[in-house]
Amino acid sequence: MERNNLIIGGHYVAPKSGAFEEVKSPFDNRVVGEVATANLDDVEAAIAAAVIGFEKWRRTPAHERFAIMLKAAALADERQEEMAQIISAENGKSLVEARGEASRSGEIMRLAAYEGAQLYGETLPLDANKGTGFDKVGFTIKQPVGVVVAITPFNYPALLVLHKLAPALAAGNSVVLKPARSTPLTAIALAQCFIDAGLPDGVLSVITGAGGLLGDALVSDKRVRKVSFTGSTRTGEHIARVAGVKKLSLELGASGPVVVLKDADIEYAANSISLGGYINAGQVCISAQRVIVEESIMGDFLAALQPKVEAIKVGDPSAADTKVGTLISKAEADRVAQSIRTAVADGATLLTGGEQDGTVIQPAIVTNVDPYSAFAQDELFGPAVAVSSARDVTHAIELANSTIYGLGAGVFTNNMNSAIQAMREIESGVVHINWTQLWRADLMPYGGMKSSGIGKEGLRSAIAEMTEVKTVIMHGQAWN
Ligand code: NAD
């Protein structure tokens, strides 16, 4: 079994503690790798390397950074299958889903590379400001922020790492990455693509180990200029408290609503929800968790949804016909199964699914859910949808907006007025008309409102958040 040291400034370095920990498959508990357990001395070494690396990388011409990014992308393309195997092994998602995720790595790097070569500024029309004359010239330049700390969750071990590393590096920042404790191997394999592509010393570090200990030290360090975090709202709130004065992007949790109105194509909506509620065993921040259906079509909608959900093949992630694999751990599967039981005890109806076998849960539909109950309001992060009814479009929007979250929403309707009302009124960072929120083009702005976070990802938006706008004023003297 390969032992993975820490990556400090692009070099493999043994952890100061000498300690390593096993990474296990959530499906059968077999050991799939070993990673170093970093301590605070390692954090110090990574940040110190990043400070030095940044000085070199920020002065590297954009066309050279661009070439390195494209080379890393080509390597990620070449290593796609290897990457998919690692993702599936450590995360438990089906190989089919892992291959889909791995196939986007090169593309994210390429999109970031192009955006990193587009750091335009603007000319300021200073003479339009009363009291300012024609003797001054003002403009802005965009510069990388400096040392970026990236902290990522377990559910998309490649995608979510790359949505931070690729824009940060493309824009000229140095990065210290702390991946999720359960999925560090994918992060290390991705970092290897950048290192092999010729990233200079110091620019990229990967620190593995305990989130709380390492996270607090990384986030609070004054040399760090930006923290880009994806994970739970609870950890995000903690980070916001300890970060101090630095840029923050927080991509947090959700309880995503999908509205199905009476004029929707019911079969089409049911098909989309049978994907959006269950992909990755529902462990997606943009999962279709709450389905809000206009009363008059509830029977027809459930009749269309149920057979599609019952046809989802779950189980061994490596089996060719498995669509949906495991949850990340037995504890998480227990929590989700218990949430379903509690919802039923509180008056909801389990239409199908919910049976638990270790880390696997049969896709569930829970109907008659009180939209204000914990089952609807709290993030489930599991393979079940909570179905509630609404009187009309206005009531459906009110229910959609009733949680503390606002990340993604979906609306199924063929009525243009309802579509426009929904897109204007739903409090959500992304609104999909005629698909669920479980859809993402890597280049689009992506991020939450309310307790789902602050800031936007998507390569152009992420680069905007990972750069500083510097205003320059040149003061001349009047020439007549
Ligand atoms: P988590 O918050 O438990 O962990 C996320 C990361 O934070 C891990 O790397 C963890 O080690 C680290 N961490 C833990 N304590 C920390 C601390 N004190 N300081 C700094 N870092 C710390 O989340 P998770 O269980 O890995 O992921 C699931 C959550 O992520 C869900 O809530 C989901 O909605 C959210 N998520 C959001 C998005 C989005 O784009 N909005 C995408 C994916 C996942």
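Which side chain of opposite charge is nearest to Glu 90, and how many Å away is it? In this predicted model, the nearest such side chain is that of Lys 93, at 9.6 Å, and Glu 90 has no salt bridge although it is buried. The points below take up the surroundings of Glu 90, then the sheet formed by E1, E5 and E4, and finally the crossing of helices H1 and H8.

**Glu 90 and its surroundings**

- Glu 90 belongs to helix H3, which spans residues 80–91.
- When residues up to four places away in sequence are left out, the residues that Glu 90 touches include Val 23, Lys 24, Pro 26 and Val 32, and also Pro 157 and Ile 328.
- Further contacts of Glu 90 are made with Ser 182, Thr 183, Pro 184, Leu 185 and Thr 186.
- Among these contacts, Lys 24 is also a residue that stands opposite Val 31 of strand E5.

**The sheet**

- The sheet is open and consists of 3 strands in the order E1-E5-E4, with mixed pairing, and its edge strands, E1 and E4, each pair on one side only.
- Strand E5, which covers residues 31–36, is mostly covered, since 5 of its 6 residues are buried.
- Strand E1 (residues 3–4) runs parallel to E5 and is joined to it by 2 bridges, with Arg 3 having Glu 34 as its bridge partner in E5.
- Strand E4 (residues 20–24) runs antiparallel to E5 and is joined to it by 5 bridges; in this pairing Glu 21 stands opposite Val 35, while Lys 24 stands opposite Val 31.
- E4 and E5 make up a hairpin in which 6 residues lie between the two strands, and Asn 29 in the turn has a positive phi of about 65°.
- Helix H7, made up of residues 184–196, lies across E1, E4 and E5 and runs at about 65° to E5.

**Helices H1 and H8**

- Two packed helices are described by the angle between their axes together with the distance between those axes.
- For helix H1 (residues 40–57) and helix H8 (residues 211–220), the axes come within 10 Å and cross at roughly 35°, and the crossing by which H1 passes H8 is right-handed.
- On the H1 side, Leu 40, Val 43 and Ile 47 take part in the meeting of the two helices, and on the H8 side their counterparts are Leu 213, Leu 214, Ala 217 and Leu 218.

Definitions and conventions
Residues are numbered from 1 along each chain as its sequence is written. This is a predicted model: local features need pLDDT of at least 70, side-chain atom pairs count only at pLDDT 80 or more; totals for chains, interfaces and linings use all residues. Side-chain values use heavy atoms; hydrogens and water are left out. Buried means under 20% relative accessible area, exposed over 50%, partly exposed in between (1.4 Å probe, protein chains only). Helices (H or I, at least four residues) and strands (E, at least two) are DSSP runs, numbered from the N terminus. Two strands pair if DSSP finds at least two bridges between them. Contact means heavy atoms within 4.5 Å. Axes are lines fitted to C-alpha atoms, for helices over the stretch in contact, and angles run from 0 to 180 degrees between N-to-C directions. Lys and Arg count as positive and Asp and Glu as negative; His and the chain ends are not counted. A salt bridge is a side-chain nitrogen of Lys or Arg within 4 Å of a carboxyl oxygen of Asp or Glu. A crossing is left-handed if the near helix is turned anticlockwise from the far one by less than a right angle, and right-handed if clockwise.
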